[in-house]
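Visitor: I should like to learn how the features of a structural model are read. May we go through them one at a time?

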Amino acid sequence: MAPKRPTGAGALLKTVESSAPKPPDSSELYAALDLGTNSCRMLIAQPKGNQFHVVDSFSKSVQLGSGLESTRRLSRGSMRRTIQALRICQQKLKRHKVKRMRLVATEACRRARNAREFIGQVKRETGLQLEIIEPQEEARLAVISCAPLVSVNTDQLLVVDIGGGSTELVWIDLSAVPHAERPRSIMRLHAGFHSVASPFPAPKVVDWISVPLGVATLRDQFCDVEDDSARFALMSWFFEENLSEFAPYKDIPKSEGFQIVGTSGTVTTVAASHLGLRRYDRTKVDGLRMTSDQIDKVIRRYLELGPKGRRMDPRIGQDRQALIMSGSAILQTLMRCWPTNRLSVADRGLREGLLYAQMSMDGVLEDAPF
């Protein structure tokens with residue numbers, strides 16, 4: 001017996017309006033571009049509550065600082081790669097009709113003798129106006145990007161941003177700020193490290209430093225050392241030597257009130273390795289807390305793998321196997337020196353700080369403590 005035809009089976013389907021979200025209003029959009037020693041990265045976002053929603057993004061390894069250690073100049077090849085990446089950024093900004101933006105360059109352009117010529121070339125060829133920011137502003141922006149990860153129980157905070165050409169460290173005393181206000185008080189640093197007249201409790205910046213050693217510059221310092229373990233040990237020693245001008249924190253006893261927040265590709269890669277992720281997942285990495293023992297275990301594994309094994313590791317890859325070891329040397333040194341055995345992992349940094357600062361200044365974030 002033929003199956004019974006359901007009633008209305010031959011009726012025409014009704015047209016249903018698409019439920020696709022409307023494109024964001026361009027007047028609400030902000031952009032932040034971070035041109036570092038290794039990478040060119042950009043975010044386009046709109047305010048959403050007391051956070052922001054990412055509308056579009058871009059990230060590419062351009063190795064702008066390649067050869068900078070020996071020549072003190074940006075090479076033609078690195079400038080060409082970077083400008084190609086910046087053209088893509090310019091197209092995205094134009095497509096979304098973004099009006100509010102900050103486009104910044106950091107350590108490679110701070111150090112290169114021909115940086116001004118490069119900035120002019122970028123302007124001519126892409127229409128983008130890059131701004132070379134000072135180390136203190138880079139450090140401050142990294143700090144405010146990590147504010148949501150600060151515990152209400154943190155009395156002393158160290159924020160570490162391991163870049164390609166430099167590493168920024170900021171030590172903040174939160175003990176005078178009420179517990180519930182501590183994460184929000186970090187956001188108020190968008191106005192500067194020095195206290196300004198404000199009715200809100202203020203964190204105290206005890207000390208900060210920009211060490212001119214990042215994953216690329218530290219690697220280049222010891223590229224002539226063939227033995228993998230010896231090179232790692234030398235990088236750790238050399239980085240610690242360059243911390244000598246930082247405030248004398250080694251005599252401070254260990255305390256549950258200390259927190260380190262680390263932001264960089266090194267930190268997130270170590271976290272992904274610890275979790276055993278085959279594909280990177282930001283939701284699992286951002287905000288993760290790792291112990292010193294867990295970090296040491298991952299780094300020992302990197303050393304056991306050697307250069308060839310690290311290239312084959314999907315969390316590291318061909319281009320970053322050497323960089324992960326110089327970054328690991330920095331990270332392990334900091335965990336050894338600072339009086340805590342836990343690290344909070346931040347998959348956020350300069351771009352997010354730039355966005356928070358712009359939106360905070362414009363007063364478009366809800367419940368903003370400014």
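**Reading the model**

Guide: We may begin with a search for covalent links, keeping in mind that the model is predicted. Over the whole structure, the search finds zero disulfides.

Visitor: Are cysteine 109 and cysteine 337 buried or exposed?

Guide: Burial is read from relative accessible area, and a residue under 20% counts as buried. Cysteine 109 is buried because its relative accessibility is 3%. Cysteine 337 is likewise buried, because its value is 9%.

Visitor: How is a helix read, and what span does α2 have?

Guide: One compares the reach of a helix with the span expected at 1.5 Å a residue. Helix α2 covers residues 76-96, 21 residues in total. From first C-alpha to last, α2 reaches 30 Å, close to the expected 30 Å. After α2 comes lysine 97, with a positive phi near 55°.

Visitor: Which residues of α2 are buried, and against what do they pack?

Guide: The buried residues of α2 include Met79, Ile83, Leu86, Cys89, Leu93 and His96. Polar side chains are also among them, including Ser78, Thr82 and Lys92. The buried residues of α2 pack against strands β1 (30-35), β2 (39-48), β3 (51-61) and β4 (100-105), and against helix α4 (115-126).

Visitor: What surrounds valine 55?

Guide: Valine 55 belongs to strand β3. It counts as partly exposed because its relative accessible area is 25%, and that class lies between 20% and 50%. Apart from neighbours within four places in sequence, valine 55 is in contact with Pro24, Leu29, Ile44, Ala45, Gln46 and His96. His96 is also one of the buried residues of α2. Leucine 43 is twelve residues from valine 55 in sequence, and their C-alpha atoms are 7.7 Å apart.

Visitor: How is a sheet described, and what is the strand order of the open sheet of six strands?

Guide: A sheet is described by its strand order, pairing and edges. Here the order is β8-β7-β6-β9-β11-β10, and the pairing is mixed. The edge strands, each paired on one side only, are β8 (204-211) and β10 (289-291). Neighbouring strands of this sheet are turned against each other by 20° on average, direction ignored. At one edge, β10 and β11 run antiparallel and are joined by three bridges, and arginine 289 has serine 344 in β11 as its bridge partner. Helix α5 (residues 135-145) lies across β6 (156-162), β7 (167-173) and β8, at about 60° to β7.

Visitor: Where is arginine 342 placed, and what does it touch?

Guide: Arginine 342 is in strand β11, residues 342-346. It is partly exposed because its relative accessibility is 42%. Beyond its neighbours within four places in sequence, arginine 342 is in contact with Ile260, Met290, Thr291 and Met335. Glutamine 259 is 83 residues away from arginine 342 in sequence, yet 7.1 Å away in space, C-alpha to C-alpha.

Visitor: How many residues has the largest nonpolar core, and which helix gives the most to it?

Guide: The largest nonpolar core has 44 residues, and those with the most contacts inside it are Leu158, Leu169, Ile295, Leu331, Leu343 and Val345. Helix α12 (residues 321-337) gives the most to this core, with eight residues. A second, separate core has 35 residues, including Leu141, Val143, Leu174 and Met187.

Visitor: Which residues are in contact with valine 345?

Guide: Leaving aside neighbours within four places in sequence, the contacts of valine 345 include Leu149, Val267, Ala271, Val285, Leu288 and Met290. Met290 is also in contact with arginine 342.

Conventions
Residues are numbered from 1 along each chain as its sequence is written. This is a predicted model: local features need pLDDT of at least 70, side-chain atom pairs count only at pLDDT 80 or more; totals for chains, interfaces and linings use all residues. Side-chain values use heavy atoms; hydrogens and water are left out. Helices (H or I, at least four residues) and strands (E, at least two) are DSSP runs, numbered from the N terminus. The expected span of a helix is 1.5 Å times one less than its number of residues. Buried means under 20% relative accessible area, exposed over 50%, partly exposed in between (1.4 Å probe, protein chains only). Contact means heavy atoms within 4.5 Å. A disulfide is a pair of cysteine sulfur atoms within 2.5 Å. A nonpolar core is a set of buried Ala, Val, Leu, Ile, Met, Phe, Trp, Tyr and Cys residues joined through side-chain atoms within 4.5 Å. Two strands pair if DSSP finds at least two bridges between them. Axes are lines fitted to C-alpha atoms, for helices over the stretch in contact, and angles run from 0 to 180 degrees between N-to-C directions.
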